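Biologist: I keep hearing labels like "buried" and "salt bridge" thrown around. Could you walk me through how they are earned?

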Protein chains: 2
Amino acid sequence: MNPDNIDIVLVHTTHSGNIGGVARAMKNMGLTRLTLVAPQGYPAPEATWRAASAADVMENARVVDTLEEAIADCQFVVGTSARERRIPWPVQDARRCAERIAEHSNSERVAILFGREDRGLLNEELQRCNLHCHIPTHEGYQSLNLAMAVQIVAYECRMMQLEDRTDLPEDAEWDTPFATADDMTRFFVHLEETLVDIEFLNPQAPRQLMRRLKRLYNRVRLDEMELNILRGILTETQKTAGRHSD
Amino acid sequence: MNPDNIDIVLVHTTHSGNIGGVARAMKNMGLTRLTLVAPQGYPAPEATWRAASAADVMENARVVDTLEEAIADCQFVVGTSARERRIPWPVQDARRCAERIAEHSNSERVAILFGREDRGLLNEELQRCNLHCHIPTHEGYQSLNLAMAVQIVAYECRMMQLEDRTDLPEDAEWDTPFATADDMTRFFVHLEETLVDIEFLNPQAPRQLMRRLKRLYNRVRLDEMELNILRGILTETQKTAGRHSD
């Protein structure tokens with residue numbers, strides 16, 4: 001994916017605050033090319049305020065009079081659309097659209113169109129698109145805020161860009177190595193001794209106690225430092241019990 | 001996935017307009033349970049305006065004084081976090097978090113925490129979580145608007161619901177319910193007291209001991225029986241220490 005080949009195109013935006021929100025949503029996800037088609041009441045303080053630290057994206061936006069001009073040099077045009085259309089068009093959800101956008105952007109100029117706050121893109125505008133993008137909102141409330149719609153599509157593009165990375169497990173960047181099976185065996189011996197010392201475990205009637213504790217500590221995968229802390233607690237507990245029995 | 005088991009929890013929100021934006025983002029994706037922990041300057045006209053047709057979600061929000069109260073009955077707690085932490089915690093991106101949330105919500109109460117606009121969740125709050133959620137923003141601009149962050153996580157939950165995946169989590173057929181956040185709070189108090197009693201923990205120089213232990217036991221998600229065993233061990237250890245000090 002090449003983000004420099006991807007244009008976000010806002011068509012006839014009426015609430016200029018949303019333009020700021022869109023700029024921020026884009027920059028958060030690594031997109032920077034914004035085109036405004038005949039925005040109403042723009043520029044405006046509200047837009048600058050909502051752009052926060054993405055004011056640069058907004059200031060660098062291209063402002064044009066017509067959609068035709070906005071997408072003139074684009075080879076792959078995607079139109080976002082919430083409504084059902086009378087004429088069927090190739091349509092995919094935001095995730096699959098992002099795949100297509102990522103692929104095309106490697107070698108082509110791509111535009112993603114977002115329509116008016118109240119009516120979205122008109123049929124005439126949607127018909128200029130290679131693909132329609134559907135964001136699967138809940139049937140109870142379909143109307144997405146403009147900046148939110150951009151956020152979701154930009155997020156999916158970002159995820160696509162990151163997907164090259166092999167999936168990382170949740171503890172990929174742990175600070176300490178995980179304990180070995182050998183360490184764990186010694187820990188469980190120590191734990192069992194200590195539980196006998198404090199008379200919590202009766203060796204004559206052990207029930208399922210150690211089994212449950214082994215399941216717990218093996219499930220969590222202790223790291224070496226955690227293991228040391230637990231061993232330290234056991235040692236201190238044994239000392240306490242020992243002083244008592246002396 | 002059962003959306004009725006998923007709470008969005010906003011912790012100390014300072015711009016009340018964002019609460020309206022969150023309500024709308026949630027309803028667009030089929031989530032309706034909102035909890036506000038000590039929101040500032042709320043209710044406010046700005047919130048109502050931004051909620052648009054999701055005013056019902058906002059009006060039905062639960063407002064509580066503390067995070068503890070908000071998550072008391074939750075069995076799976078996810079905290080969203082942008083910043084790097086000194087102690088790593090189990091962390092996954094929003095997509096994988098949504099998988100886990102979807103799975104757990106089938107039978108358990110789930111909370112997803114979002115922090116303050118300026119500082120996010122504090123370390124103490126993040127330590128109450130079973131899992132941290134990372135939204136992979138671009139390194140050039142990491143600071144996501146609060147409602148945008150909720151939008152992305154809610155969208156991923158919605159996608160998960162639509163995928164109708166039948167994969168079962170590794171603990172789908174566990175024999176005992178998992179402990180609630182309230183249970184865990186009491187356990188950590190008991191654990192800390194005991195470590196002081198056996199003189200393993202010096203309250204004057206606690207170092208990072210409790211933080212590491214909280215990470216460990218939140219990571220594993222104790223079930224109720226395991227929690228009872230550990231509480232029993234602590235009680236027995238305290239008795240042993242008490243006999244000694246008499």
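Modeller: Here we go through some labels one by one, and keep in mind that this is a predicted model.

Biologist: Let's start across the chains. What makes B:Glu226 and A:Arg219 a salt bridge?

Modeller: The rule wants a side-chain nitrogen of Lys or Arg within 4 Å of a carboxyl oxygen of Asp or Glu. For B:Glu226 and A:Arg219, the closest N and O atoms are 2.8 Å apart, so the pair passes.

Biologist: And where do the two partners of that bridge sit?

Modeller: B:Glu226 is in helix H10 (residues 224–245) of chain B, while A:Arg219 is in helix H9 (residues 209–220) of chain A, so the pair joins two chains.

Biologist: Is B:Glu226 buried or exposed, and how do you know?

Modeller: Buried means under 20% relative accessible area. B:Glu226 has 1%, so buried is the word. A:Arg219 has 25%, which falls between the 20% and 50% cut-offs, so we call A:Arg219 partly exposed.

Biologist: Now one within chain B. Why do B:Glu156 and B:Arg95 count as a salt bridge?

Modeller: Their N to O distance is 2.9 Å, and the limit is 4 Å, so they qualify. B:Glu156 lies in helix H7 (residues 146–163) and B:Arg95 in helix H5 (residues 94–105), so this bridge ties together parts 61 residues apart in sequence. Both B:Glu156 and B:Arg95 are buried.

Biologist: What about B:Lys239 and B:Glu236: how do you know that they form a salt bridge?

Modeller: The closest N and O atoms of B:Lys239 and B:Glu236 are 3.8 Å apart, and that is still within 4 Å, so the label holds. The two sit in helix H10 of chain B, three residues apart, about one turn of the helix.

Biologist: Which label does each of those two get for accessibility, and why?

Modeller: B:Glu236 has a relative accessible area of 16%, under the 20% cut-off, so B:Glu236 is buried. B:Lys239 comes in at 45%, between 20% and 50%, so B:Lys239 is partly exposed. Salt bridges can also share partners: A:Asp7, A:Arg33, A:Arg62, A:Asp73 and A:Arg109 are joined that way into one network.

Biologist: How many salt bridges do you get over all chains?

Modeller: The count is 36 by that rule.

Biologist: On to A:Asn28. What makes A:Asn28 and B:Ser143 a polar contact?

Modeller: A polar atom of the A:Asn28 side chain lies 3.2 Å from the backbone oxygen of B:Ser143. The limit for such N or O pairs is 3.5 Å, so this one makes the cut. A:Asn28 belongs to helix H1 (residues 16–28) of chain A. With 0% relative accessibility, A:Asn28 is under the 20% cut-off and therefore buried.

Biologist: Which residues make up the patch of negative charge on the surface, and why is it called negative?

Modeller: The patch gathers A:Glu192, A:Glu193, A:Asp197 and A:Glu199. Asp and Glu count as negative, so that is where the name comes from. Take A:Glu193, which lies in helix H8 (residues 181–197) of chain A. Patch residues need over 30% relative accessible area, and A:Glu193 has 42%, so A:Glu193 clears that bar. The 42% also makes A:Glu193 partly exposed, because the value is between 20% and 50%.

Biologist: Now backbone geometry. What makes the peptide bond between A:Tyr42 and A:Pro43 cis?

Modeller: Omega there is about 0°. A:Pro43 is in the loop between strand S2 (33–37) and helix H2 (45–51) of chain A. In chain B, B:Tyr42 and B:Pro43 are also joined by a cis peptide bond, with omega about 0°.

Biologist: And why do you flag the phi of A:His12?

Modeller: Most residues other than glycine have a negative phi, so a positive one gets a flag. A:His12 is not a glycine, yet has a positive phi of about 55°. A:His12 is in the loop between strand S1 (6–11) and H1 of chain A. Its relative accessibility of 29% is between 20% and 50%, so A:His12 is partly exposed.

Biologist: Where is A:Arg207, and why is A:Arg207 called exposed?

Modeller: A:Arg207 is in the loop between H8 and H9 of chain A. Exposed means over 50%, and A:Arg207 has 67%, so the label fits. A:Arg207 has a positive phi too, near 50°.

Methods
Residues numbered from 1 in each chain as written. Chains lettered and ligands numbered in written order. Predicted model: local features only at pLDDT ≥ 70, side-chain atom pairs only at ≥ 80, totals over all residues. Heavy atoms only, no water. Patch = residues over 30% accessible without salt bridge, like charges linked within 9 Å, V, L, I, M, F, W, Y side chains within 5 Å. Areas by Shrake-Rupley, 256 points an atom, 1.4 Å probe, with all protein chains shown as cover. Charge placed at Lys NZ, Arg CZ, Asp CG, Glu CD. Helix = DSSP H or I, 4+ residues; strand = E, 2+ residues; numbered from the N terminus. Buried < 20%, exposed > 50% of the residue type's maximum accessible area, 1.4 Å probe, protein only. Polar contact = N/O pair within 3.5 Å; in protein donor to acceptor, adjacent residues only side chain to side chain.
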